[in-house]
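Reader: I have just opened this one and could use some help finding my way around. Could we go through it together?

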Amino acid sequence: MGMKLSNFSFDLPPELLAEYPAPNRDEARLMVLDREKQTIEHKMFKDLIDYFKEDDVLVLNNTKVFPARLFGNKEKTGARIEVFLLRELNSETRLWDVLVDPARKIRIGNKLYFGDDESLVAEVIDNTTSRGRTLRFLFDGSYEEFRSKLTELGETPLPKYISRDVEPEDAERYQTIFAKNEGAVAAPTAGLHFSKHLLKRLEIKGVDFAEVTLHVGLGTFSPVEVEDLSKHKMDSEEIIIEEDSVKIINNGITQKRRICAVGTTVMRSLESSVSSNNTLNAYSGWTNKFIFPPYDFSIANCMVTNFHTPKSTLLMMVSAFAGHEFMKKAYAEAIKEKYRFYTYGDAMLII
């Protein structure tokens with residue numbers, strides 16, 4: 001019998017949802033799960049270095065979050081409308097898939113105005129996409145000027161559970177220090193815990209780094225609404241795995257080193273491009289891979305991840321990797337010990 005959605009339900013006290021990050025990136029708490037010994041240890045994130053040796057490989061997601069949340073006003077009524085940019089469909093015609101809130105007020109043909117000077121205008125051209133709406137931005141200027149206008153008017157897209165206003169430091173803290181390829185609407189949160197100092201110490205120890213890109217979309221966070229998990233469909237997200245990273249990772253596999261996926265997005269990327277002999281292939285394209293138990297992992301034998309919310313696809317992947325009963329035990333312990341959950345929360349290392 002396969003796993004059901006109800007297997008991933010648990011009571012999460014709302015006060016454990018982290019509204020702010022730890023004061024220093026590498027000083028979040030770290031729960032260490034050893035799958036072989038079935039032990040649970042409580043550490044600080046900077047203690048991660050103690051679990052890695054020379055030639056082990058850490059795989060990082062170098063996607064960069066763009067300021068995807070815009071606030072505009074509807075023509076005529078002036079109603080305030082939030083627009084969440086999901087995906088650029090066409091750079092020449094400036095077409096974007098977006099979510100709008102409140103959705104019920106927006107119809108095809110409506111125009112939205114952004115900025116105090118209303119220099120950016122969008123027209124709703126489709127109302128029927130599964131992801132919300134399609135907008136065409138009307139803007140006099142080059143593509144570069146248009147993107148710079150979006151950046152100027154956009155806000156850091158903190159997740160909805162964070163009830164406070166966006167603060168200036170969020171622009172930096174809701175971004176990994178190795179972010180370089182812009183395209184995500186949400187941060188790959190496991191990577192947020194790495195500081196420059198910790199990365200340098202790992203490098204000095206001889207740990208190898210490989211980077212992949214998965215542009216996190218909202219599909220990662222879409223709720224599962226079917227009890228039978230095999231019926232859930234993930235939204236596609238773009239991934240890029242370059243040949244340089246493939247060499248580093250496959251070399252680590254050959255040498256039987258620790259290959260550590262930093263985050264569920266890295267794990268999905270790696271598992272989306274496996275060769276017939278269980279090594280990694282270079283890849284550029286889209287993935288809608290959904291990992292839930294039971295599942296045999298091919299590339300990574302170690303994982304860093306945050307603490308996830310009940311019934312989320314992220315929790316299902318962690319359960320597949322750690323083992324369901326062990327995961328349940330670890331989460332019960334995390335709640336008892338008041339670990340902080342979700343985007344700005346604490347971390348877990350599964351070895």
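Reader: Which residues do ring pairs link into a cluster?
Author: Ring pairs, meaning Phe, Tyr or Trp rings (for Trp the six-membered ring) whose centres lie within 6.5 Å, link F10, F307, Y331, Y339 and F341 into a cluster. This is a predicted model, in which local features need pLDDT of at least 70 and side-chain atom pairs count only at pLDDT 80 or more, while totals for chains, interfaces and linings use all residues. Residues are numbered from 1 along each chain as its sequence is written, and side-chain values use heavy atoms, with hydrogens and water left out.

Reader: How many aromatic pairs are there by that rule?
Author: The count comes to 18 aromatic pairs. In one of them, F10 and Y331 meet edge-to-face, at 5.5 Å centre to centre and 75 degrees between the planes, where planes over 60 degrees apart count as edge-to-face, under 30 as stacked and the rest as tilted.

Reader: And Y331, is that buried or exposed?
Author: Y331 is buried, with a relative accessible area of 3%; buried means under 20%, exposed over 50% and partly exposed in between, using a 1.4 Å probe and protein chains only.

Reader: What about Y161 and Y342, how are their rings arranged?
Author: The pair of Y161 and Y342 is tilted, with 4.6 Å centre to centre and 50 degrees between the planes, and both Y161 and Y342 are buried.

Reader: Switching topic, which ring does R35 lie over?
Author: R35 lies over the face of F321, at 4.0 Å from the ring centre, and the charged end of R147 sits over the ring of F66, 5.7 Å from its centre. For this, NZ of Lys or CZ of Arg must be within 6 Å of the ring centre and within 35 degrees of the ring normal.
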